[in-house]
Amino acid sequence: MKISRSKRSSVFATIFAMSMGFAAQHTLADAGAQSSPWGPHDEIGSLNAMTDQSRLDVLSAVTTGRAYDLGVELFVGMPDCCSAAFGDPTFQIMMTHTPSRADGSELLSHSSEAIIMNTHTGTHMDTLSHFGLHGEIWNGVSAKDSLGDRGWHKSGAENYPPIIARGVLIDVVGSKGTEQLPASYTISVADVRTALEQQQTELLPGDVVLIRTGQMTKWPAQEGRSLFKEPGVGLEAAKWLVEEKGAMLLGADNFGLESFPSADPQNFAPVHSYLLAEKGIPFFELLWLEDLARDKVYEFLFVGAPIKLRGASGAPVRPLAIPIAAK
């Protein structure tokens, strides 16, 4: 099955013609939150490029009814990105109503729960309000004008449509024949190219590109898992995927998509600020990619959407992957 390129390519050509290419140095002084090619009211960035036709193209390429679950369970004691790193709350769930548990004579029982969690817990999407530059998030929106006590008034998770697109797994760790990438390993353009060549996979404009580092091979063990020691995507690889290949969304199986610590003393998360504030590209973190890698499923229908949390800079998502015919 050959997915039509014409419409997606023309749309993405417009978007990424605005890209500045590979600058010798990418600093905070040079960078800034960019205006959207979709106009002053845009709050979803690259997802504007998704169309009824692009969704139909990938849906028509489905070859099986098998669905791969790319989300992780949420549970008390689970590893998270931000409790140790930033002091954010850990995931908590508590019963608010329970059956009596007495003598069994209760005619009707009632159970319900309440949860407390950081919106960047578990498998989730980072929205365009998550990171900004020089006081502004994507599309030149300032915190002064658009940030409230209970979230952003712009680019919150409630704005994001259901995502139905071609997904591609880039199994970087698998291409190296190892279980996990080393701590703080930065995935390069060469690493991505090599994995794609080994998989015989081609990227198309508008793809949801998911990168496997091997961080989930020992999930949910806490030992050795730390946001600021993670392997992940480097800035040049992110630029290549976005500017050269026209990726619509990115995602990875680690806490923070990119590698940490940052090599830039001015910017502790340069890939975050580049994707979110400069390019308008949301992304997924803490994806479960082990089953796809085991079965060598590199091309698939990606289906997912963040929970519609008003004003949230991140939101849980339970993505699915359904294999499609390889191009």
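# Helices, sheet and aromatic rings

Trainee: At about what angle does α8 run to β14?
Mentor: α8 lies across β4 (124-126), β13 and β14 (283-285). Helices (H or I, at least four residues) and strands (E, at least two) are DSSP runs, numbered from the N terminus. Axes are lines fitted to C-alpha atoms, for helices over the stretch in contact, and angles run from 0 to 180 degrees between N-to-C directions. For α8 and β14 the angle is about 145°.

Trainee: What pLDDT do local features need in this model?
Mentor: Residue numbers start from 1 along each chain as its sequence is written, and side-chain values use heavy atoms, with hydrogens and water left out. The model is predicted: totals for chains, interfaces and linings use all residues, side-chain atom pairs count only at pLDDT 80 or more, and local features need a pLDDT of at least 70.

Trainee: How many residues of α8 are buried?
Mentor: Buried means under 20% relative accessible area, exposed over 50%, and partly exposed in between (1.4 Å probe, protein chains only). The buried residues of α8 include P270, H272, Y274 and E278. What covers them includes β4, β12, α7 (235-244), β13 and β14, contact being heavy atoms within 4.5 Å. The helix is mostly covered, and the buried count is nine of its nine residues.

Trainee: Which residue just after α8 takes a positive phi?
Mentor: The residue sits just after the helix. With a phi of about 65°, this is G280.

Trainee: What are the edge strands of the nine-strand sheet?
Mentor: Two strands pair if DSSP finds at least two bridges between them. The sheet is open, with mixed pairing and the order β1-β17-β15-β9-β11-β13-β14-β4-β16. Each edge strand pairs on one side only, and the two are β1 and β16 (314-316).

Trainee: Which residue in β15 is the bridge partner of I164?
Mentor: Strand β9 (residues 163-171) and β15 pair in the antiparallel sense over six bridges. Helix α2 (residues 52-59) lies across both strands, at about 55° to β9. In β15, the partner of I164 is V303.

Trainee: Which residue in β17 is the bridge partner of F302?
Mentor: Strand β17 (residues 320-323) pairs with β15 in the antiparallel sense over four bridges. Strand β1 (residues 68-69) is also antiparallel to β17, over two bridges, with D69 partnered by L320. The partner of F302 is A321.

Trainee: Why is β15 described as largely enclosed, and how many of its six residues are buried?
Mentor: β15 spans residues 299-304. The rest of the structure largely encloses this strand, because the buried residues number five of the six.

Trainee: Is the pair of F228 and F268 stacked or edge-to-face?
Mentor: Rings of Phe, Tyr and Trp (its six-membered ring) pair if their centres lie within 6.5 Å; planes under 30 degrees apart count as stacked, over 60 as edge-to-face and the rest as tilted. By this rule there are six aromatic pairs. The centres of F228 and F268 are 6.4 Å apart and the planes stand at 70°, so the pair is edge-to-face.

Trainee: How many residues apart in sequence are the parts that F228 and F268 tie together?
Mentor: F228, at 30% relative accessible area, is partly exposed, and F268, at 43%, is partly exposed. They belong to one aromatic cluster with F86, F131 and F260. F228 lies in the loop between β11 (208-212) and β12 (232-233), and F268 in the loop between β13 (249-252) and α8 (270-278), so the parts tied together are apart by 40 residues.

Trainee: Which side chain makes a polar contact with that of S259?
Mentor: S259 lies in the loop between β13 and α8 and counts as buried at 7% relative accessibility. A polar contact is a pair of N or O atoms within 3.5 Å; within protein, one must be able to donate a hydrogen and the other to accept it, and residues adjacent in sequence count only if both atoms are side-chain atoms. At 2.9 Å, the side chain joined to that of S259 is that of T186.

Trainee: What arc do the buried residues of α6 cover?
Mentor: In α6 (residues 189-199), V189, D191, V192, A195, L196 and Q199 are buried. The arc is that of the directions from the helix axis to the C-beta atoms. The buried residues lie on the same side of α6 because their arc is only 165°.

Trainee: Which residue caps the N-terminal end of α6?
Mentor: The cap places a side-chain oxygen 3.4 Å from the backbone nitrogen of A190. The residue that supplies this oxygen is S188.
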